[in-house]
Amino acid sequence: MSRLTTPTFKVKKLWHIDLSTLRQAGVTTVLLDMDNTVVPWHSVQVPPKAAAWIHTAKQEGFRLYLLSNNLHSRVAPLAQQLEIIAVANACKPWRRGLRSLQRQHNVDISHSVMIGDQIFTDILAGNLWGTKTILVDPLFRREGRMTWLARTMERIIMKRSIQYGEEDQ
Ligand SMILES: [Mg+2]
């Protein structure tokens, strides 16, 4: 399982990905997750750096596609704004979206990279399909500090209760 959930590369942001390194790695096709990779999940504002990276990648001859598990109504306007071919309801890590992309475009999987912020959708998908994979940090974290604090507290409490339980026996 760990091989399937381990990305080929890890970077903080999409726009940190060096295009010449991608080219040297034999990549010609870029499959992009949308939410939290290209645009914050709650927003329709594409960060200028993300838009610029996509623009440059296209200019340099990479073939780019958006592969999103989100709904068509969310994906289509952003795809139009970025002038990029997109598949909504992609069902990553399953092949539904990939198949529909392959039906219409000649996607060369062995020269593709899947880029996304989620291990169990994007990275697992790419590794199952046989692409290279790049994990990015989410552009916007749903979890605030309080959630993190609550989680940490839960762990401490769980640990203590187990220890007390053992002492009782
Ligand atoms: Mg995402």
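## Close-up views of a predicted model

**View 1. Three aspartates hold a magnesium ion.** Asp117 is buried, with a relative accessible area of 13% (buried means under 20% relative accessible area, exposed over 50%, and partly exposed in between, using a 1.4 Å probe and protein chains only). This is a predicted model, in which local features need pLDDT of at least 70 and side-chain atom pairs count only at pLDDT 80 or more, while totals for chains, interfaces and linings use all residues. Residues are numbered from 1 along each chain as its sequence is written, and side-chain values use heavy atoms, leaving out hydrogens and water. Which residues are the protein donors of the magnesium ion? They are Asp33 (OD), Asp35 (O) and Asp117 (OD), lying 2.0 to 2.3 Å from the ion. Donors here are N, O and S atoms within 2.8 Å of the metal (3.2 Å for Na, K and Ca), and water is not among the atoms, so sites may look incomplete. Along the chain, the spacing of the magnesium donors reads D-x1-D-x81-D. Asp33 and Asp117 link distant parts of the chain, 84 residues apart: Asp33 sits in the loop between strand 2 (29–32) and helix 3 (48–59), and Asp117 in the loop between strand 5 (112–116) and helix 6 (119–129). Helices (H or I, at least four residues) and strands (E, at least two) are DSSP runs, numbered from the N terminus. Asp33 also counts as buried, at 6% relative accessibility.

**View 2. Six strands form an open, parallel sheet.** Follow the strands across the sheet and you meet them in the order 1-6-5-2-3-4. Two strands pair if DSSP finds at least two bridges between them. Strand 1 (9–11) and strand 4 stand at the edges; each has a single partner strand, so one side of each is left without a neighbour in the sheet. From one strand to the next, the twist averages 25°. For angles like this, axes are lines fitted to C-alpha atoms (for helices, over the stretch in contact), and values run from 0 to 180 degrees between N-to-C directions.

**View 3. Strand 2 and strand 3 pair, and two helices pack on the sheet.** Four bridges hold strand 2 and strand 3 (residues 63–67) together in the parallel sense. Here Leu32 stands opposite Leu66 in strand 3. Helix 3 packs on the sheet and touches strand 2, strand 3 and strand 5, with its direction making about 140° with that of strand 3. Helix 6 packs on the sheet as well, touching strand 2, strand 3, strand 5 and strand 6 (132–136), and its direction makes about 165° with that of strand 6. A contact such as these means heavy atoms within 4.5 Å.

**View 4. Strand 5 is mostly covered.** Are the five residues of strand 5 buried or exposed? Five of five are buried. Ser112, Met114 and Gly116 point one way, while Val113 and Ile115 point the other way. Strand 5 runs parallel to strand 2, joined by four bridges, and Thr29 stands opposite Ser112. Four bridges also join strand 5 to strand 6, again in parallel; the bridge partner of Val113 in strand 6 is Lys132. Together, strand 5, helix 6 and strand 6 make a right-handed β-α-β unit. Right-handed means that, with the strands pointing away from the viewer, the path from the first strand over the helix to the second runs clockwise.

**View 5. Asn127 in helix 6 meets the start of the chain.** Asn127 lies in helix 6 and is buried, with a relative accessible area of 17%. A polar atom of its side chain lies 2.8 Å from the backbone oxygen of Leu4. Not counting residues up to four places away in sequence, Asn127 touches Arg3, Leu4, Thr5, Thr6 and Thr133.

**View 6. Some backbone angles around strand 4 deserve a second look.** Most residues other than glycine have a negative phi, and most peptide bonds are trans. Glu83, in the loop between helix 4 (72–82) and strand 4, has a positive phi of about 50° although it is not a glycine. Glu83 counts as exposed, at 65% relative accessibility. Cys91, in the loop between strand 4 and helix 5, has a positive phi of about 60° and is not a glycine either. With a relative accessible area of 33%, Cys91 is partly exposed. A cis peptide bond joins Lys92 and Pro93, with omega at about 10°. Pro93 is found in the loop between strand 4 (85–87) and helix 5 (96–104).

Key: Polar contact = N/O pair within 3.5 Å; in protein donor to acceptor, adjacent residues only side chain to side chain.
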